[in-house]
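The exercises below are meant to be worked with the sequence and the coordinates open side by side. Each task is followed by a solution that goes step by step.

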Number of protein chains: 2
Amino acid sequence: MILEILCVGTELLLGEIVNTDGAFIAREAAALGFSSYHQTTVGDNPERLLEALRLALSRADIVVTTGGLGPTCDDITKNAAAEVFGKKLVFHDEVREDLEKFFSRVGRPMTENNLSQCLAPEGAEIFYNKWGTAPGLAVTGEIDGRSKRIILLPGPPSECEPMFEECVKPYLRALSPEVIRSLNLHLYGIGESSAEAILRPLMEESVNPTVAPYAGEFEVRIRVTAKAADEEEALSMCRAMADRVRATEAGAYVYAETGDPFSAKNAAAVTLLSEFGKRGLTFATAESLTAGMIGSLTADIPGSSSVYLGGIISYSNSVKRDVLGVPAAVLDSVGPVSEECAAAMAQGARRLTGADVAVSVTGIAGPGGAEPGKPVGTVWFGVATKNGTHTEMRLFGGKKDRAKIRRLTAAHAMMLAIRAAKEL
Amino acid sequence: MILEILCVGTELLLGEIVNTDGAFIAREAAALGFSSYHQTTVGDNPERLLEALRLALSRADIVVTTGGLGPTCDDITKNAAAEVFGKKLVFHDEVREDLEKFFSRVGRPMTENNLSQCLAPEGAEIFYNKWGTAPGLAVTGEIDGRSKRIILLPGPPSECEPMFEECVKPYLRALSPEVIRSLNLHLYGIGESSAEAILRPLMEESVNPTVAPYAGEFEVRIRVTAKAADEEEALSMCRAMADRVRATEAGAYVYAETGDPFSAKNAAAVTLLSEFGKRGLTFATAESLTAGMIGSLTADIPGSSSVYLGGIISYSNSVKRDVLGVPAAVLDSVGPVSEECAAAMAQGARRLTGADVAVSVTGIAGPGGAEPGKPVGTVWFGVATKNGTHTEMRLFGGKKDRAKIRRLTAAHAMMLAIRAAKEL
């Protein structure tokens, strides 16, 4: 079945906001087995919206719209959906009852505005909005004798995404004969072209599951996707293919396996907490250029408090010296971007917090700060454990900007921590 | 003049990546004075691309495409542009010379692949790609006797954005008779509906400049936009209108004024560094739930090292006690989420770093951790200066998740720091 996405909102055309709804729905729809060939964005203009909706319905079975719902934009998407299917807007009593309960509970009167929320095309399925105001809808109709569906979702991602998860996903699952499931293998320390070269035979040979490499900012993600009659079978096929990937040369670089989008996005932190947690180890940080980014990323994950104790942000040399105990002699001679300083910072963080593993980073994020022999992107890492202190240097070169150098530094620090935990 | 954006790439249709190119170009085009009514995304399919290009050219004067350039996708966008204008692809000697110089400099041979980069529609203007491989193009042609232009840009944002800034902006400026400039006033401590209510008379009265409110995550942004014959006049009109906004009740909530996208995105940090910097003050942090986010956001801004000394990430109670000196008696009685703990943390950070202003945060980010009388979202703030320690509590309620509570906490901490600097 063909699905098309139509995003409504002048703020999108003006580039005020980035269209994350479009990417979210596209990803979910692909995972559910729908093919998608077009995505369109129009503004809050009834005529152009109607035209775009007609065009989309001429080439797709299902059109998912975002935006244009609610009183502030005069419900233009709801009106367009009704018009394109030649349906009347009728009162949906169940929506009114739901609203009446809500208003009596908060002790406020219902207004005219709210009554219009109860109007929907005849026969529409209502998706109640627990995260905002305007309900979503699914409308079925006919265009030139062919059955078509329009799913209307609110624009704000904080409403669109959970409504899709809770209401639209089951709705679409019922329409789709097959199930698609994926898992990701995360590789660190190897480039995308090298990984692709190793996996090419597997990629070319395998039609279902498919194996696809994606270059992340600091990692390569190998996505294995299987299509089957049910979820269990699809996941089982994915795991079998993941084992085959791990059995290649690329397997040595796999540091994490994830299934859901949250874990995939935070694979480094999720893995760190998992490897530390299962060994009962604690973690601390001493950060200069990253200035707290490593700690913040670690704490993105609920439950991190059982592993992450905290750390020192030693952005200035004075804090390196006075809090972490980096000798003034080191700072005055080789300076803060040095092996000696990185080692002292890691040891200092370990001593102050009592953590099993303390990682330090000190380097030049740019744009200024380069010294002779130390260009922008030079970063020293320290890892202190009961067995001693490991140090290494990375040069994040090429077209790397300040923000990117800091992010690559944070990622590498987490990888070093993971390795240290495994060796303890 | 009407401009339309056409993004090419199957990875966009699959939701693999979010379409930031589209938002970027839309924002820039709007600022340059072009009207935009449609944005479309298609996959790497020559037929659908040609169809989409034709549709776009039927309703816009200029079509800007992203993606589909380069050998890996067989230059489908370049070929489609040539076909839609009925132009031949010809060799552009200047491109070949440029490539030959590049290859002799790196000591590598040019390949067949690279020669195809020298092909472009007759008469095309070449935009050299200093940030990647495939050059961009601008092609002029005729559709039904009307002059049309297609601007082709590479897909990766790290190439698309700088190429737009350096090559496309001047190209488009030459076509646009007017200049549009904006500035943003950032408000904190007032909701969007209240701000809108105060500014409605101004918004309704003013056609040029326009005044538009946007709800940010922790702030309200009032964007003032003026259209004029040149940049100086447009900016002058913006500033005069900004003064009128500041003169209303809403003016009391203005904490920053920004012009460029980077500053607008980082207004809190930019303002903090500015207010501290001009007074020669230094800043330190003691972070629990934010775990380094405040430090990291502050250090996003180049030059922050002259203001931000660093801080302590006291994610665990042990670090609060052992490093910051929060009394065990406090932790055992009222606990870490308390006025007493926040005060002690801020004082500890100030003592350890010697900073003029130290801000602390301690609270419950969720999803777990709630206690009787302290629901998820309860956060205590401390601000220590030579004049004493200020404390306050915020309850970030409603539908707030862990990530949002931490971000709102970081923002409020920065606002408290800014206020403290102004009072010193």
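## Exercise 1: a strand with two partners

Task: in this predicted model, describe how strand β3 (residues 62-66) of chain B is joined to strand β8 (residues 146-153) of chain B, and then find what else pairs with β8(B).

Solution. Begin with β3(B) and β8(B), which run parallel and are joined by five bridges; strands here are DSSP runs of E of at least two residues, helices are runs of H or I of at least four residues, and both are numbered from the N terminus. Two strands are said to pair if DSSP finds at least two bridges between them. To locate this pairing in the coordinates, look for B:Val64, which stands opposite B:Ile151 in β8(B). Next, turn to strand β7 (residues 136-143) of chain B, which runs antiparallel to β8(B) and is joined to it by seven bridges, with B:Leu137 having B:Leu152 as its bridge partner. Finally, inspect the hairpin of β7(B) and β8(B), where two residues lie between the strands and B:Asp144 takes a positive phi near 50°.

Two conventions apply throughout: residues are numbered from 1 along each chain as its sequence is written, while chains are lettered from A and ligands numbered from 1 in the order in which they are written. In this predicted model local features need pLDDT of at least 70 and side-chain atom pairs count only at pLDDT 80 or more, whereas totals for chains, interfaces and linings use all residues, and side-chain values use heavy atoms, with hydrogens and water left out.

## Exercise 2: helix pairs

Task: classify the packing of α2(B) with α7(B) and of α3(A) with α4(A).

Solution. Two packed helices are described by the angle between their axes and the distance between the axes. The axes are lines fitted to C-alpha atoms, for helices over the stretch in contact, and angles run from 0 to 180 degrees between N-to-C directions. Angles under 35 degrees count as roughly parallel, over 145 as roughly antiparallel, 65 to 115 as roughly perpendicular, and the rest as oblique.

Take first helix α2 (residues 20-31) and helix α7 (residues 157-175) of chain B, which pack at an angle of about 20° with their axes 10 Å apart; they are therefore roughly parallel to each other. The contact (heavy atoms within 4.5 Å) includes B:Phe24 and B:Ile25 from α2(B), and B:Cys160 and B:Phe164 from α7(B).

Now take helix α3 (residues 46-59) and helix α4 (residues 76-84) of chain A, whose axes come within 10 Å and cross at roughly 50°, so that these two helices are oblique to each other. Among the residues that make this contact are A:Leu49 and A:Leu53 of α3(A), together with A:Ala80 and A:Val84 of α4(A).

## Exercise 3: the four-stranded sheet of chain A

Task: give the strand order of the open sheet that contains β9 to β12 of chain A, and say which helices lie on this sheet.

Solution. The order is β10-β11-β9-β12, with antiparallel pairing. The edge strands, each pairing on one side only, are β10 (210-215) and β12 (254-258) of chain A, and the twist averages 25° from one strand to the next. Strand β9 (residues 179-187) of chain A is joined to β12(A) by four bridges, and A:Asn184 has A:Thr258 as its bridge partner. Helix α11 (residues 267-277) of chain A packs on the sheet and touches β9 and β12, its direction making about 100° with that of β12(A). Helix α9 (residues 231-246) of chain A lies across β9, β10, β11 (220-228) and β12, running at about 25° to β9(A).

## Exercise 4: relating the two chains

Task: what turn and shift lay chain B on chain A, and which sheet contains strands of both chains?

Solution. A turn of 180° and a shift of 0.1 Å along the axis lay chain B on chain A with an RMSD of 0.2 Å, where the superposition is by least squares on the C-alpha atoms of residues with pLDDT of at least 70 in both copies. This is therefore the relation of a two-fold axis. In chain B, B:Gly292 has the C-alpha nearest the axis, 1.9 Å from it.

For the sheet, follow the order β17(A)-β16(A)-β15(A)-β13(A)-β14(A)-β14(B)-β13(B)-β15(B)-β16(B)-β17(B), an open sheet of 10 strands with mixed pairing. Its edge strands are β17 (388-395) of chain A and β17 (388-395) of chain B, and the twist averages 15° from one strand to the next.
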